[in-house]
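Colleague: Please take one part of this model and go through it closely. I would like to hear about the charged side chains and how they pair.

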Amino acid sequence: MAGGLARARDLLRLVFTGRGRRMWRSVTYRFYSNSTSVGLRRDLRAPVTAPTAKRAFHVRPLASGDALSWLDVGEPGLSDDQVYARMGQVRLLRSGIQTCHLAVDIDGQACYMQWLILSNENQRVRAFFGSLYPRLAPDEALLEGAYTPEACRGQGIMASAMARIAERGGDFGARWLLTFVDETNAASLKGCARAGFVPYLRRRETFRLFRRRVRFTPLA
């Protein structure tokens with residue numbers, strides 16, 4: 001699986017750059033772990049007013065010339081978790097999955113990124129993520145890879161940008177926008193709710209000796 005090979009390379013990079021503790025946490029997670037995420041859904045036929053952020057911005061697709069220096073893992077002073085998170089975003093950028101969107105402020109600075117993944121990307125999603133997401137129907141799209149640069153956090157950008165990026169799904173024929181959030185991530189769950197998303201599914205992910213099993217359970 002392409003995503004697994006890219007992740008393995010990043011884990012080796014963590015070791016060679018003196019961040020072996022973060023690599024070990026990732027390995028032990030895949031040796032034995034249990035986690036639960038909430039699947040959330042938004043119906044684009046139901047009007048939602050995007051919440052207002054503290055910073056004015058507009059959303060647009062990622063362009064080839066966009067500078068994403070805030071994903072540089074060589075920046076001094078980064079924690080192990082910050083480096084690992086940035087590595088994950090770069091892996092997704094290199095996966096070939098299309099329609100990454102940016103929120104860009106009035107100074108031209110990107111302050112948020114997220115992928116709006118359409119059903120024609122099902123094969124690439126499966127190649128990169130494995131069975132982590134359900135197969136998208138023609139009228140569904142997936143929001144994945146949300147990331148706010150550290151300097152832009154705490155300004156309400158996530159919920160506002162997510163709501164606006166979701167609306168773009170209608171331009172591609174999607175009615176339902178899906179996303180998944182770890183059930184312990186209260187801040188992200190609150191942001192998704194403000195962006196018009198409601199719970200509809202529970203995802204249970206288990207690792208045993210590096211073998212992953214994913215189960216989806218509909219919510220009442």
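**Salt bridges in the model**

Modeller: In this predicted model, Asp105 and Arg55 form a salt bridge through their side chains, with 3.0 Å from N to O. The two residues come from distant parts of the chain: Asp105 belongs to strand β3 (residues 100-105), while Arg55 sits in the loop between β1 and β2 (57-61), and they are 50 residues apart. Asp105 is buried, because its relative accessible area is 6% and the cut-off for buried is under 20%.

Why can such pairs form? Side chains of opposite charge can pair when their charged atoms come close.

A second pair joins Arg42 and Glu167, whose closest N and O atoms are 3.5 Å apart. Arg42 is part of strand β1 (residues 32-43) and Glu167 is part of helix α5 (residues 157-167), so this salt bridge ties together parts that are 125 residues apart in sequence. Are the two partners buried or exposed? Arg42 has a relative accessible area of 3% and is therefore buried. Glu167 is partly exposed, at 37%.

The pair of Arg124 and Glu121 has its closest N and O atoms 3.6 Å apart. Here Glu121 is buried, with a relative accessible area of 6%, whereas Arg124 is partly exposed at 41%.

Salt bridges can also link up into a network, and Arg22, Arg25 and Asp81 do this. In the whole structure, the search finds 12 salt bridges.

Some charged residues stand outside these pairs. Arg204, Arg208, Arg213 and Arg215 gather on the surface in a patch of positive charge. Two elements, β7 (198-208) and β8 (211-218), each give two or more residues to the positive patch. Arg215 lies in strand β8. With a relative accessibility of 43%, Arg215 counts as partly exposed, because partly exposed covers the range between the cut-offs of 20% and 50%.

It remains to place these residues in the chain as a whole. The chain has 6 helices and 8 strands. Read from the N terminus, the order of the elements is α-α-β-β-α-β-β-α-β-α-β-α-β-β. The radius of gyration is 17 Å, close to the 17 Å that the globule rule gives for 220 residues, so the chain is as compact as a globular protein of that length. Along the principal axes, the C-alpha atoms fill a box of roughly 45 × 45 × 30 Å. Of the 220 residues, 46% count as buried; Asp105, Arg42 and Glu121 are buried residues from the salt bridges described above.

Conventions:
Residues numbered from 1 in each chain as written. Predicted model: local features only at pLDDT ≥ 70, side-chain atom pairs only at ≥ 80, totals over all residues. Heavy atoms only, no water. Patch = residues over 30% accessible without salt bridge, like charges linked within 9 Å, V, L, I, M, F, W, Y side chains within 5 Å. Areas by Shrake-Rupley, 256 points an atom, 1.4 Å probe, with all protein chains shown as cover. Salt bridge = Lys/Arg side-chain N within 4 Å of Asp/Glu carboxyl O. Lys, Arg positive; Asp, Glu negative; His and termini not counted. Charge placed at Lys NZ, Arg CZ, Asp CG, Glu CD. Helix = DSSP H or I, 4+ residues; strand = E, 2+ residues; numbered from the N terminus. Buried < 20%, exposed > 50% of the residue type's maximum accessible area, 1.4 Å probe, protein only. Rg over C-alpha atoms; globule rule 2.2 N^0.38 Å.
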